[in-house]
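Hi,

Here is the structure I said I would hand over. Have a look at it first, then read on for what turned up.

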Amino acid sequence: VFAQNIITIDATAAKTTINKNIYGHFAEHLGRCIYDGFYVGEANKTIPNTDGVRNDIIAALKKLKIPNLRWPGGCFADTYHWKDGVGPKDKRPSIVNTNWGYVTEDNSFGTNDFLNMCELLGTEPYLSGNVGTGTVQEMLDWMQYTNFDSKSPMSDMRRQNGRDKPWNVKYWGIGNETYGCGGHMTAEYYAGMYRQYVSFMRNDGKNNLSFVAAGAKNDDYHWTETLMKGVPLYMLDGIAMHHYSYVDWEKKGSASVFNETQYFKTMKQAVWMEELVARHSAIMNKYDPKKKVGLVVDEWGGWYDVEPNTNPGFLYQQNTMRDAMIAGVTLNVFNNHADRVRMANLAQCVNVLQAVILTDKEKMILTPSYHVMEMYNVHQNAKLLPLTIQTNKYVLGDGKLPAVSASASIDANLAAHISLVNIDAKKTQKTTVNLKGRKFSTVTGRILTSKRVQDCNSFEEPDKVQPVIFKDVSLNGSMLTVSLPPFSLVVLELK
Ligand code: AHR
């Protein structure tokens, strides 16, 4: 056991850009994410909105600099027929959301609504296409509707629906969880489906499109290998992978009432992301040594029991310092693997699973996960500074996890940022950081922590957990000394 954690950063080795899309989000037609979340309807006079989308959510997400937003699912995507969600709202047919609570949706939030909202947010849309119950033609039509400028049946329909210029959607997911809710396919069968879809989708006239294959659940390495082997590289821009952190799938437990054992088990799942990313990447390296294809972790986050007295199909849960720890550790993994991880999407943005925003009628709160995403956004499009880390273990019973995780980057103005997470629920972790190759003269920082790891923001106490100035750091020549309290997250800036 080291008395101290030791991190060594080579400040001259900046090479790989941390794709800002790693900081992406996910908005599914699930529970109160879209309806009674993002979207409250144009007729709503009590909650300020733009075309029915809450202004407070737009402002909060703009501050986060969300680079992309995945929609409309999730499992929902493979039941969604986009044509039902365009045109006059009073004429749109309804849809029963068979994945999430069997609620009937009126389709009042559809393609125009979503893509216009992305423009308001200044974010790239990432559309998840329907492979499960859709057709190649339906997806092609969708692309013509969203992307084609000249005259065509679908661009004419778009114009009729009030939108002249195309939105030019770049990111297209070809199905979702096709191993499960997206069709229970084998990897081999889906690889063929993927080839078929993408054969016909390179026709927006510009070919500036990015296609993401539905990927593996956790450690299904066979899935990734089958796609890498079975799909020509020119047809493939990304392969997805999904990994959630939970105590135990059958017995997830409350989001905000949990003991240290449950905390530890959740963190074990979060820490597992390092191995998952490394091993999926190693498979991809075999077939794609030049790293054309990105690993797209388009669903990740904590998953617990729903809050008492809420619809079990709506996946509404609180968000505590435990979630902040999941986010910090996971984003450090993605940053450190930025050569392969090009996009990721926290599940989900508003009122579902590890949400950054929760709403209750006209009220809106920002969760600890929101604050992590905001603190880490300094890494977006910065150059990764590779690091090595020797860390103490966070020990509980027979279990051992690395206590400290870190990632670092240098931005265009040559400011360096180091994000440090101490997941140890009880011990402060003293950490030294050796900065090799570049002199910095000042260090400043912010910390996110709280009295209890179960602490969260609530509608009664919205600012209980929020970042504050961090003082427990000193810079001595090329040596930083930092003291990280239990379950804390620190982002430092060096100039
Ligand atoms: O994010 C909730 C669900 O989790 C998604 O719909 C699905 O893709 C995954 O299983």
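Before anything else, one term: two residues are in contact if their C-beta atoms, placed from the backbone, lie within 7 Å. Also keep in mind that this is a predicted model.

With that in hand, start at helix α2. Its buried residues are Thr111, Asp113, Phe114, Leu115, Met117, Cys118 and Leu121. The cover over these buried residues includes the strands β4 (53-54), β5 (68-71) and β8, plus the helices α1 (55-64) and α3. Right after α2 comes Gly122, which has a positive phi near 65°.

Helix α3 is a good place to check a ruler. It runs over residues 136-147, so with twelve residues at 1.5 Å a residue it should span 16 Å. Its end C-alpha atoms are in fact 16 Å apart, which agrees. On the buried side of the list for α3 you will find Met139, Trp142, Met143, Gln144, Tyr145, Thr146 and Asn147. And what do the buried residues of α3 pack against? They pack against α2 (111-121), β8 (124-129), α4 (153-160) and α5 (187-200).

Next, the whole chain. The domain assignment gives domain 1 as 5-10 + 386-494 and domain 2 as 20-381. The C-alpha centres of the two domains lie 29 Å apart. Where they meet, 31 residues of domain 1 are in contact with 34 residues of domain 2. On the domain 1 side, the elements giving two or more residues are β19 (399-402), β20 (404-410), β21 (416-422), β23 (443-448) and β27 (488-494). Of these, β20 gives the most, with four residues. By type, that side of domain 1 divides into 17 nonpolar, eleven polar and three charged residues.

UniProt has a record to set beside this: an unreviewed entry places the feature "domain: Alpha-L-arabinofuranosidase C-terminal" at residues 298-488. Over residues 298-488, the chain is 13% helix and 39% strand, and the end C-alpha atoms are 26 Å apart.

Now for the ligand. Which residues are around the ligand? They are Glu28, Gly73, Gly74, Cys75, Asn176, Glu177, Glu299, Ala347, Gln348 and Leu353. Sorted by type, this shell has three nonpolar, four polar and three charged residues.

Some names in that shell come up again when you look at the peptide bonds. The bond from Gly73 to Gly74 is cis, with omega near 15°, and Gly74 sits in the loop between β5 and β6. Ala347 and Gln348 are also joined by a cis peptide bond, with omega about -10°. Gln348 is in the loop between β13 and β14 (357-360).

That brings us to β13 itself. Arg342 lies in this strand, which covers residues 341-346. Is Arg342 buried or exposed? It has 24 other C-beta atoms within 10 Å, so Arg342 is buried. Setting aside neighbours within four places in sequence, Arg342 is in contact with Asn19, Asn21, Gly238, Gly294 and Val296. Look for Val293 too: it is 49 residues from Arg342 in sequence, yet the C-alpha atoms of the pair are 8.7 Å apart in space.

Last, two residues with a positive phi that are not glycines. One is Asp51, with phi of about 50°. Asp51 is in the loop between β3 (49-50) and β4, and it is exposed because it has 12 other C-beta atoms within 10 Å.

The other is Tyr102, with phi near 55°. Where is Tyr102? It is in the loop between β6 (95-97) and β7 (103-105). With 10 C-beta neighbours inside 10 Å, Tyr102 counts as exposed. Not counting residues up to four places away in sequence, Tyr102 touches Val96 and Asn97. Try finding Gly313 from there: Tyr102 and Gly313 are 211 residues apart along the chain, while their C-alpha atoms are separated by 8.2 Å.

Have fun turning it around on the screen!

How values were computed
Residues numbered from 1 in each chain as written. Predicted model: local features only at pLDDT ≥ 70, side-chain atom pairs only at ≥ 80, totals over all residues. Buried ≥ 20, exposed ≤ 12 C-beta atoms within 10 Å, placed from the backbone. UniProt positions renumbered as here; feature names shortened; annotations may be inferred. Near = placed C-beta within 6 Å. Nonpolar A, V, L, I, M, F, W, Y, C, P; charged D, E, K, R; others polar. Expected span 1.5 Å × (residues − 1). Domains from an automatic or database assignment.
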